[in-house]
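Q: Here is a model whose internal voids need explaining. What do the terms mean, and how do the values meet them?

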Amino acid sequence: MIPVARRMLLRNRTASLVTVAAVAAIVGLQLFLFAVHEGVREGSTSYVRNAGVDIWIAQKNSDNILKSSSYLRTAVAEDVATVPGVAIASPLVRVITKADIGGRHSTTLFLFGFDRLGAPPGSPVLQPRELVLDRSFARKYRLGVGAHLDIQGKRFRIAGLSDGTNALVSQFAFARQEDGEALLGLPGIASFILVKVRDVRERAAVAARIRRQQPDLAVYEAPAFIRAHEEEMDSGVLPVFAALAAFGAAVCVLLVGLTLYSAVLARRQDYATLKAIGARQSYLLRVVLGQALWATAAGTILGSLIAVGLTPLLVRLVPALTLRYTPRLLAILPACLMVGALAAAAPVMLLRRIDPEEVFRT
Amino acid sequence: MIAAEHVTKEYPFVRAVHDVTLRVERGEIVLIIGPNGSGKTTLLSMLAGLLRPTRGAVRFEGKELARMTDRELAAFRLRSIGFVYQTFRLLDALSARENVQLVLELAGHDDARRMADELLERVGARDIADRSPRVLSGGEKQRVAIARALANGPAAIFADEPTGSLDSAAGAAAIGLLRDAARRDGRTVVIVSHDARIAPHADRILDMADGALA
């Protein structure tokens, strides 16, 4: 079969190229935004996911380490440690604080003071006034292991760098629990109690026992705590990105639709000729729909290549940026095809109004 | 074979064709002449099933075209009618061959490409099969257009000023091909034209004025 749709699209070369480029720009931007979201989602949950904690205990109504306050007595850890099935119970202090970098920069850090549990993966054994710093934060400020930064007038030495601890607007740092407590300024107070159970198969039963012992606190098994973080990230960021995506899709529909509408209008005589020689309406609809799908598919592929191709440059220019291209992003493909189909609506309506008798009009 | 019975076509404020009755037999070449605005092309459109008359009926081999649905009319035009236009109406997004091949593909022929080549061979356009209509001369375009009109073996060919954009030699070649279609293949040919050179080839000449046959 002759690829009539593609030929007619390419016949209108300049307009088609501009349309494909514009669709590519929009698709590239949307992919970038969703890759940022995926990166932030991973960066925000990676620590919780990989801290080796089975049960998280927090103040009531506090279900995440990012966007809720939680204050507990450190002594709760000692009580929880007596619950049958608990192997380790250890406090974690969270401090949101400014860090001063060589007097040149002052920036916010999420600092976690941990004791026996809660060290980021690969962390060295920390000495007092030492910390593990998020790698992208360190790259942004050109800091390495052995460098120093000042927090609340106290000088900390960087003893290690961590990955997956970048939540875009805030990066994590980890220090000893007593350093964290000192920075918090509330002796005997922790933010969370972290629990390691003896047998992970008994996790639910141990959590139930802790709830009975500590009825005024919130007790989460690790999967529920991780899910709460993901939902927190999604509820905060996804609606904004979804609105941007919807806006971008609408622009794509208008753009492709306008181009095709103009193309059908400009080649009205060709369509009238096709009708006159006996092409069915359904065939002509397929030709126009085919052009819409070709334009959006080409734009989507080009946009995806641009987005992925530019990633190393973007990460280099903005070190705090973490981009993740996950299989979930493939959802953009059917979405783009739907955009193409929608874009064909206006030209199809015009096509239906073309009379085959127009072939005799000059 | 083609019969128009008291056919009238009216538009708001204009009566383009008024009470025309005629009959065209199989294999006949009919030339319709008349001044601009006399209703020739409107009559041709109704005879070819492109336009529905306001009153009266057009029958093609006994079937009344106005009773057909749009879908049936499209199928009828695809299989029974060929068109030749003054401005050729070739799709310049396709090659010469593809313009012919497309009509054959629409009719469901599996070997449309080979059939298109045979038709181009017949009209003397085989050597330009791969070229775009944009680079063809008027005469070459009209040959390709006639090959397209002959695809699917139509019972009738309707030609609107087929020599209007051609020089003498190309015009004579186009007329020769249409005459062959009638004499050799038994196809009915209805031509609307101002060109006096066509008259000697016609079996019948109908003169139109003010929407009616004189």
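A: Start with the term: on a 1 Å grid over the protein atoms alone, a cavity is a set of points where a 1.4 Å probe fits but cannot get out, and lining residues have an atom within 4 Å of a point. Grid points are joined across faces, edges and corners, and a volume is the space filled by probe spheres set on the points. The model is predicted: local features need pLDDT of at least 70, side-chain atom pairs 80 or more, while totals for chains, interfaces and linings use all residues. Residues are numbered from 1 along each chain, and chains are lettered from A as written.

Q: How many cavities of 30 Å³ or more does the search find?
A: Two, over the whole structure. The largest has a volume of about 60 Å³; the second largest holds about 30 Å³.

Q: What makes Ile277(A) a lining residue of the largest cavity?
A: A lining residue has an atom within 4 Å of a cavity point. Ile277(A) is listed in that lining, along with Phe83(B) and Arg148(B), among others, so Ile277(A) meets the cut-off.

Q: Which element gives the largest share of that lining?
A: Strand 6 of chain B, with three residues. A strand is a DSSP run of E, at least two residues; a helix is a run of H or I, at least four.

Q: Why is Arg143(B), in the lining of the second largest cavity, called charged?
A: Asp, Glu, Lys and Arg count as charged, so Arg143(B) qualifies. That lining has five nonpolar, two polar and one charged residues. Helix 6 of chain B gives the largest share, four residues.

Notes
Side-chain values use heavy atoms; hydrogens and water are left out. On a 1 Å grid over the protein atoms alone, a cavity is a set of points where a 1.4 Å probe fits but cannot get out, and a pocket is an open set with protein on both sides within 12 Å along at least five of seven lines; lining residues have an atom within 4 Å of a point.
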